[in-house]
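Colleague: I would like to learn how to read strand pairing, helix packing and internal space in a model. Can we go through one example step by step?

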Amino acid sequence: MEIFIEAKSTFYKALEEIINRAHENGTISQKEIYDILTKYNCNFPVIEDRIFARNHSYQKNIYVLKPHESKTYRLRINTKIEPYVTNLEIMWLKLIMSSRYANLFLDSSTIEKIKKLKTPNVLPIDMNIIVPKNYSKILLREDIKILAPKLRIISKSILEKRILRYTYTARNRQVFKDTIGIPVKIQYSLKDDMFYAIFYSPLHKTFAKCIIQNIDEIKPEEGNFDREQVLKEYEIYLKNAKSKQPIIIEVMNTRNALEKAFCMFSSFEKSARYLKEKNRHEIRIYYYDFEEAEIISRILYLGKNVVVTEPQHIRENIISRVKEALKVYCNNYIV
């Protein structure tokens, strides 16, 4: 019955939680059952009748519970529901094994279990037909064997509330040696396939976003700090850094420009509407001041199918960038 297929039914999840909680605790109260059914939006009279066996004709249907004491129930069969995966989920698990990052987040025993999973009547996916083109043109991707230890040290320091000392090389090749920082969080950019770490500097009382592959000589540093206070300061920092005015662009729906725009700004808070009189889509992009250069870069990537309407300083910045590019293009153009 499809009602028991996890991928197709929320009732399966409700029943699974009821059974497993009853198995774990020995009994389950009527209130707990009601709460679980409500949680999964399954609190319909017909389902409640079948769960609580209120009708004799339901006794041999799907009931797994039997009355125990006042307003409590026990399982008819003393067993829990073990987790399982569907063929589609198995395909997805095998697909992520092709990622160079799989070893960063899964231990070797888990990876071996996934490799042994079998998908009957399903052809394997040939990863050679997938050609990623979103890698950074400025930075080469670091070998995963070099990246992994850095990522583990940073993630462990976040969990254990440790201070780190490290050397960082910025994009402009400026080197910051023996920097002291408190790791706040790790971010991953799908756009350029890179990991970033956000550090709080106790010395400068500010935050910095660092490319993890540009971090070297990283090691724990002695010292104590209040992590909750650091996180509060981070939230205040973000609040103060939020731009007071969104960047407004108009996108012409030609050459897949609209799809590209939504893809390019997928990580930003935004709103959109259709301008019928112009046959264009208006997108408002809300951002932090330190993201301005990144947004301008993405707008330029979209080319002539996008027009920036506000704010004025962003318009002027883009016009200036385009003029500089035209000078280089015109001076080097050969017919």
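Colleague: Which residue in β6 is the bridge partner of Gln187?

Modeller: This is a predicted model. The general idea comes before the case. Strands of a sheet pair through backbone hydrogen bonds, in either a parallel or an antiparallel sense. Here the bridge partner of Gln187 in β6 is Tyr196. That pair belongs to the ladder between β5 (residues 175-189) and β6 (residues 194-201), where 7 bridges join the two strands and the run is antiparallel.

Colleague: In what order do the strands of the open sheet come?

Modeller: The order is β7-β6-β5-β4-β8, an open sheet of 5 strands with antiparallel pairing. β7 (206-211) and β8 (215-221) each have a single partner strand, so they stand at the edges and one side of each lacks a neighbour in the sheet. On average, neighbouring strands of this sheet are turned by 45 degrees against each other, direction ignored.

Colleague: Which strands does helix α7 lie across?

Modeller: Helix α7 (residues 144-160) crosses β4 (163-169), β5, β6 and β8. Its angle to β5 is about 85 degrees. Helix α8 (residues 227-241) also packs on the sheet, where it touches β5, β6 and β7. The direction of α8 makes about 75 degrees with that of β5.

Colleague: Which strands does β11 pair with?

Modeller: β11 (residues 280-286) is joined to β9 (residues 247-252) by 6 bridges, and these two run antiparallel. β11 also pairs with β10 (residues 269-275), over 7 bridges and again in the antiparallel sense. Arg284 in β11 is a useful residue to follow: it is the bridge partner of Ile248, and Ser271 stands opposite it as well.

Colleague: How many residues lie between β10 and β11 in their hairpin?

Modeller: There are 4 residues between them. Asn279, in the turn, has a positive phi of about 55 degrees.

Colleague: Now the internal space. How many cavities of 30 Å³ or more does the structure hold?

Modeller: The general idea is to roll a probe the size of a water molecule over the atoms, which shows where empty space is left. The structure holds 1 cavity of 30 Å³ or more. The largest cavity contains about 60 Å³ of space.

Colleague: Which residues line the largest cavity?

Modeller: The lining consists of Arg100, Tyr101, Glu142, Leu147, Asp193, Met194, Phe195 and Gln213. By class, the lining has 4 nonpolar, 1 polar and 3 charged residues.

Note on methods:
Residues are numbered from 1 along each chain as its sequence is written. This is a predicted model: local features need pLDDT of at least 70, side-chain atom pairs count only at pLDDT 80 or more; totals for chains, interfaces and linings use all residues. Side-chain values use heavy atoms; hydrogens and water are left out. On a 1 Å grid over the protein atoms alone, a cavity is a set of points where a 1.4 Å probe fits but cannot get out, and a pocket is an open set with protein on both sides within 12 Å along at least five of seven lines; lining residues have an atom within 4 Å of a point. Grid points are joined across faces, edges and corners, and a volume is the space filled by probe spheres set on the points. Ala, Val, Leu, Ile, Met, Phe, Trp, Tyr, Cys and Pro count as nonpolar, Asp, Glu, Lys and Arg as charged, and the others, Gly among them, as polar. Two strands pair if DSSP finds at least two bridges between them. Axes are lines fitted to C-alpha atoms, for helices over the stretch in contact, and angles run from 0 to 180 degrees between N-to-C directions. Contact means heavy atoms within 4.5 Å.
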